[in-house]
Amino acid sequence: MRDVFLMAVFAFLGAAAAGLLGALALRLVRGRSVAVSLAVVAAVAVTAMLTGTLAVAWAMFLSPHDLTVVTTVCAMAAVVSLATALLLGRWVVARSNALALAARSFGDGGSFAAPDGQATAELAALGRELAATSAKLAASRERERALESSRRELVAWISHDLRTPLAGLRAMSEALEDGVAPDPDRYLRRIRTEVERLNTMVGDLFELSRIHAGALSLAPTRISVYDLVGDALAGVDPLARELGVQLIGDRVDPVPVEVDGKEMTRVLGNLLVNAVRRTPADGTVAVSAERQADTVVLSVTDGCGGIPEEDLPRVFDTGWRGSDARTPPAGAGLGLAIVRGIVEAHDGQAAVRNVDGGCRFEVRLPAAVTS
């Protein structure tokens with residue numbers, strides 16, 4: 001029993017010495033290729049076995065012949081182990097290089113495709129993560145391109161819409177200043193109308209900038225959608241009367257929601273104004289509100305005749321007004337973008353679809369939790 005204990009001690013001491021040297025070697029080559037590290041690990045394993053064996057042989061006073069046999073066996077094991085480690089290292093390095101080359105492609109604006117062939121579980125997992133990241137980057141680039149295109153269109157449209165009233169204001173002010181205006185009171189009323197329109201446009205731009213900057217501050221309170229719809233209808237009723245459009249709000253359930261009353265009234269107001277202006281005289285605009293599961297659906301249905309299917313995905317984009325929206329009453333194309341921004345700030349969704357004779361805008365909001 002004592003001999004076994006001594007052999008274990010000598011073997012451990014010899015292997016420990018080899019292990020310490022191997023740890024030092026790994027520290028020195030930690031910035032090198034993984035193939036070098038694998039070779040060091042294989043060399044440490046064989047050296048630890050050889051050192052422990054030699055220590056035991058020296059302690060047990062083996063014959064020179066037996067010691068030669070043991071040393072030869074350990075040397076052959078070392079050769080095979082090193083060769084295997086080098087082959088494995090080269091394979092791992094080759095797979096890593098292929099993965100790095102593939103990753104460089106989506107960093108330059110392309111898409112990532114994992115290299116063909118077998119790989120270790122870790123490299124395969126890394127490839128899947130890189131593929132997912134590549135898909136996210138592609139989607140982000142697409143959103144950025146769409147946003148940049150929307151910004152360019154917005155700048156062009158805003159420039160057009162500002163230039164027209166400003167030119168009119170300058171002409172009318174010069175006519176008043178020179179005393180050649182045939183009807184000064186009418187000119188003054190027209191100037192006031194244009195100033196109010198410009199003020200509304202600037203207000204929409206400011207609201208949209210707050211939404212895009214994430215600076216929209218909400219003060220949610222518990223309120224019934226019946227009251228929201230009532231306030232919005234009251235605000236749009238004069239415009240509807242002027243244009244000969246009938247407002248209908250007879251399907252409104254008194255469902256409670258947790259929203260910012262001012263901002264949500266603006267949402268409904270924008271939808272209603274847009275619907276009234278797009279509906280022909282003697283037409284109707286219907287408002288409804290109902291609870292569906294854990295959401296409240298507010299809808300505004302107009303008689304605009306429908307929106308082309310190819311334009312439906314762009315309705316809520318900043319600056320979108322449709323191909324025929326070039327007259328001043330169309331506004332700057334910011335109202336629906338503001339609607340989507342405010343609704344999404346309330347963790348809701350805004351959507352539009354065509355119905356018989358017009359289109360239906362829907363706003364889905366989380367229903368208030370009942371106590």
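Is E194 buried or exposed? In this predicted model, E194 comes out buried (under 20% relative accessible area, with exposed over 50% and partly exposed in between, for a 1.4 Å probe and protein chains only), as its relative accessible area is just 9%. Its partner in a salt bridge is R190, with the closest N and O atoms 2.7 Å apart; a salt bridge here takes a side-chain nitrogen of Lys or Arg within 4 Å of a carboxyl oxygen of Asp or Glu. R190 is partly exposed, at 43%.

A search of the whole structure turns up 7 salt bridges. Another one links E142 to R145, at 2.9 Å from N to O. E142 is partly exposed, with 45% relative accessibility. Then there is R353, which meets E362 at 3.3 Å, N to O. R353 counts as partly exposed at 41%, whereas E362 is buried at 14%. Shared partners tie R353, R360 and E362 into one salt-bridge network.

As for bookkeeping, residues are numbered from 1 along each chain as its sequence is written, and side-chain values use heavy atoms, with hydrogens and water left out. Because this is a predicted model, local features need pLDDT of at least 70 and side-chain atom pairs count only at pLDDT 80 or more, while totals for chains, interfaces and linings use all residues.
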